[in-house]
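Subject: Structure for your review

Dear colleague,

Please find below the structure that I am handing over to you. My notes on it follow directly after.

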Amino acid sequence: MENEIRKLEITHVREPDIGQRAVDVIVPSTSRPDLLKQTLESFKDHVKFNGRLRFFLEEANMGVRETDPTISAEMISRTAECVRIADRHGFTGVNVEDVGSYSWALTKAMDRWITSPYMFNLEDDWLCIRDIPLDLAVDAMEQNEINQIRFNKRDTMPSKNEGAWIKVTRKLAVNGQEYIFTGSDHWYFNPALWRMEWIRPRWEARQANAHWYLNNHAYGPLMREYKFETRPGPDFYADVLRFYIWGGIDEKAFFRHLGVGERSTRNKYGTV
């Protein structure tokens, strides 16, 4: 089975066509072909983008962690099916490696694959439930110097942490029209569009870090860069860091988390 996986891997990266804007879609995956299939099919059905999307799979071979040979064989079989799904969907690149954590998978992916100005982070367990205006999102980032636009997994609320953090909204011009965006209170590690020239020099990967520690990768460097000792308020995140949620308050969710009931060391990076 290991040899079968290696035969299926795609290692050649084709560069985007000259003059055609592109977004690189990273899909960290953990041997869950049923979820991966739903995620890819729903994303492709709903994403609206006239440029070129290049898809890359970072597949964790979870079977190598298992001491039970029966479970190990089953996990390796599921890994092989994930690679076949990526192949059927025309992925540009596939890597199979147990890197140990979700944060390290993203780091490896950014180093190995990403050459486009923008990256869309899409894990293997996010069902897209409404259209994603990716063309408009890229235009918004280019015309307003936005560094990240996230597409929420729940309806956008006016506050969080029991009202401790009151969200702010901004009206931004995109292609001559006015759109409302909501300031985000952190760098988002669920489905979101990333500006690579902003995040690369600020990214601090730690192989052991689990999913819920990922904000440290962006937050630590920012504390040193902007010389603040305590967390700044929402205006700073919206107007200086330029992190936004697509749409205003009460904007409906774009994604539903399929894997929320399957959190274990056996099938998620870092027990998320």
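Which residue of S4 does Ile 26 stand opposite? The residue is Asn 121. Please bear in mind throughout that this is a predicted model.

Strand S1 and its partners

Strand S1 covers residues 22–29. It pairs with strand S4 (residues 118–121) in the parallel sense, over four bridges. S1 is also joined to strand S2 (residues 52–59), again in parallel, by eight bridges. In S2, the residue opposite Ile 26 is Phe 56. Between S1 and S2 the chain passes through helix H2 (residues 33–46), and this β-α-β crossover is right-handed.

In a regular strand, side chains alternate between the two faces of the sheet. In S1, both faces are covered. Ala 22, Asp 24, Ile 26 and Pro 28 are buried on one side, and Val 23, Val 25, Val 27 and Ser 29 are buried on the other. Because eight of the eight residues of S1 are buried, the strand is largely enclosed by the rest of the structure.

Asp 24

Asp 24 lies within S1, and its relative accessible area is 0%, so it counts as buried. Its side chain makes a polar contact of 2.7 Å with the side chain of Arg 54. In addition, a polar atom of the Asp 24 side chain lies 3.1 Å from the backbone nitrogen of Thr 115. Beyond its neighbours within four places in sequence, Asp 24 is in contact with several residues, among them Phe 56, Trp 113, Ser 116, Tyr 118 and Phe 120.

Helix H5

Helix H5 spans residues 134–144, and eight of its eleven residues are buried, so this helix is largely enclosed by the rest of the structure. The buried residues include two aspartates, Asp 135 and Asp 139, together with Leu 134, Val 138, Met 141 and Asn 144. Just after the helix, Glu 145 adopts a positive phi of about 55°.

Aromatic residues

The structure contains 17 aromatic pairs. In one of them, the ring centres of Trp 198 and Phe 243 are 5.3 Å apart. Their planes stand at 90°, which is over the 60 degrees required, so this pair is edge-to-face. Trp 198 belongs to helix H6 (residues 196–199) and Phe 243 to strand S12 (residues 243–246), so the pair ties together parts that are 45 residues apart in sequence. Phe 243 also forms an edge-to-face pair with Tyr 237, with 6.1 Å from centre to centre and 65° between the planes.

Are these three residues buried or exposed? Trp 198 has a relative accessible area of 9%, Phe 243 has a relative accessibility of 1%, and Tyr 237 has one of 3%. Each value is under 20%, so Trp 198, Phe 243 and Tyr 237 count as buried.

One aromatic cluster is formed by Phe 43, Phe 55, Phe 91, Phe 120, Phe 151, Tyr 179, Phe 181, Tyr 244, Trp 246 and Phe 254. Two members of this cluster have a charged group over the ring. The charged end of Lys 44 sits over the ring of Phe 55, at 5.0 Å from its centre. The charged end of Arg 130 is placed over the ring of Phe 254, at 4.1 Å from the centre of that ring.

With kind regards

Terms used: Residues are numbered from 1 along each chain as its sequence is written. This is a predicted model: local features need pLDDT of at least 70, side-chain atom pairs count only at pLDDT 80 or more; totals for chains, interfaces and linings use all residues. Side-chain values use heavy atoms; hydrogens and water are left out. Rings of Phe, Tyr and Trp (its six-membered ring) pair if their centres lie within 6.5 Å; planes under 30 degrees apart count as stacked, over 60 as edge-to-face and the rest as tilted. Buried means under 20% relative accessible area, exposed over 50%, partly exposed in between (1.4 Å probe, protein chains only). A charge sits over a ring if NZ of Lys or CZ of Arg is within 6 Å of the ring centre and within 35 degrees of the ring normal. A polar contact is a pair of N or O atoms within 3.5 Å; within protein, one must be able to donate a hydrogen and the other to accept it, and residues adjacent in sequence count only if both atoms are side-chain atoms. Contact means heavy atoms within 4.5 Å. Two strands pair if DSSP finds at least two bridges between them. A crossover is right-handed if, with the strands pointing away from the viewer, the path from the first strand over the helix to the second runs clockwise.
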